[in-house]
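The following note sets out several points for a colleague who has the model at hand. Each point may be checked against the coordinates.

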Amino acid sequence: LGALEQQKRANLAALLTPAELEALDVRDSPAANYVRQRMPQAKTEEEFRIMVKVAQEFGMDLEKEMFGDPDMDFAEQQRKRRQTDREMAKRLKDALGEDRLAEQKRAEDEREMAEAPARMRAELAKEAAPLGIPTETLNQFTDRFMALMPEWKPKLENPDLTEEQRKQLEKQLKAVMERMATETMGAKGSELLKKMMADEKE
């Protein structure tokens, strides 16, 4: 926690009982907002409380996730985030049980796969407009890319990968995407991907 957040929490702790402070954390805190926006839906209030507590232990915060750490380069931030995700998954498995965590993961994967095409089309359309790439062509590329995800997503999310293995997989996927973009959109497709990848690193 930053100094301001620490002072704010100390002030609240002086005013509230431990039970009242915990109830406030569950209703309105960076960790609670993170659980609502980034994690699978809890089945019960008690499960939600557990998830908020774990998110709080790891300092999960949507605002910090959005803006990143200005003192850390992009690659290091990504490495640190993957490490935190692994450690948090282990902590959730201990708290919720392996079967429930696996159930949550399946539900989250299904939700992501259902939402991903529309999100990707919107992102591509924004970047493609100055290049004059037709919407129909963008949709063809999106459909081809999403067809790859059932194969590539489990590979990239494998917690046993080393950083070097992950980099090699990302490099292979990038090459596949570039080839697919060129086949679908011509030279403008390669230009579009480079622009999007540059934006992600900023």
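Is Asp 61 buried or exposed? The first point addresses this, and the remaining points turn to other parts of the predicted model.

1. Asp 61 is buried: its relative accessible area is 16%, and the cut-off for a buried residue is under 20%. This aspartate sits in the loop that joins α4 (45-57) to α5 (62-67).

2. The surroundings of Asp 61 include residues from an earlier part of the sequence. Beyond its neighbours within four places in sequence, Asp 61 is in contact with Pro 30 and Tyr 34. The C-alpha atoms of Asp 61 and Ala 31 are 5.9 Å apart, although 30 residues separate the two in sequence.

3. Glu 108 is a second acidic residue to inspect, and its place is in helix α7 (residues 98-128). With a relative accessible area of 10%, Glu 108 is buried, again by the cut-off of under 20%. Setting aside residues up to four places away in sequence, Glu 108 touches Arg 38, Met 39 and Pro 40.

4. How do α2 and α4 lie with respect to each other, and at what angle do they pack? Helix α2 (residues 18-27) packs against α4 at an angle of about 90 degrees, and the two axes are 10 Å apart. Angles of 65 to 115 degrees count as roughly perpendicular, and α2 and α4 are therefore roughly perpendicular to each other.

5. The residues that form this pairing can be listed. From α2, Glu 22, Asp 25 and Val 26 take part. Their counterparts in α4 are Glu 45, Phe 48, Arg 49, Val 52 and Gln 56.

6. As to the overall fold, the protein chain contains 10 helices and 0 strands. Its C-alpha trace spans about 65 × 35 × 35 Å along the principal axes. Of the contacts with a separation of 6 or more, 62% are between residues 24 or more positions apart.

7. Burial and surface may be considered together. Of the 202 residues in the protein chain, 30% count as buried. The accessible surface amounts to about 13,400 Å², and carbon and sulfur atoms account for 53% of that area.

8. The final point concerns charge. The protein chain carries 36 positive and 43 negative side chains. The centres of these two sets lie 2 Å apart.

Terms used:
Residues numbered from 1 in each chain as written. Predicted model: local features only at pLDDT ≥ 70, side-chain atom pairs only at ≥ 80, totals over all residues. Heavy atoms only, no water. Helix = DSSP H or I, 4+ residues; strand = E, 2+ residues; numbered from the N terminus. Buried < 20%, exposed > 50% of the residue type's maximum accessible area, 1.4 Å probe, protein only. Contact = heavy atoms within 4.5 Å. Areas by Shrake-Rupley, 256 points an atom, 1.4 Å probe, with all protein chains shown as cover. Lys, Arg positive; Asp, Glu negative; His and termini not counted. Charge placed at Lys NZ, Arg CZ, Asp CG, Glu CD. Axes fitted to C-alpha atoms, helices over the stretch in contact; angles between N-to-C directions. Parallel < 35°, antiparallel > 145°, perpendicular 65-115°, else oblique.
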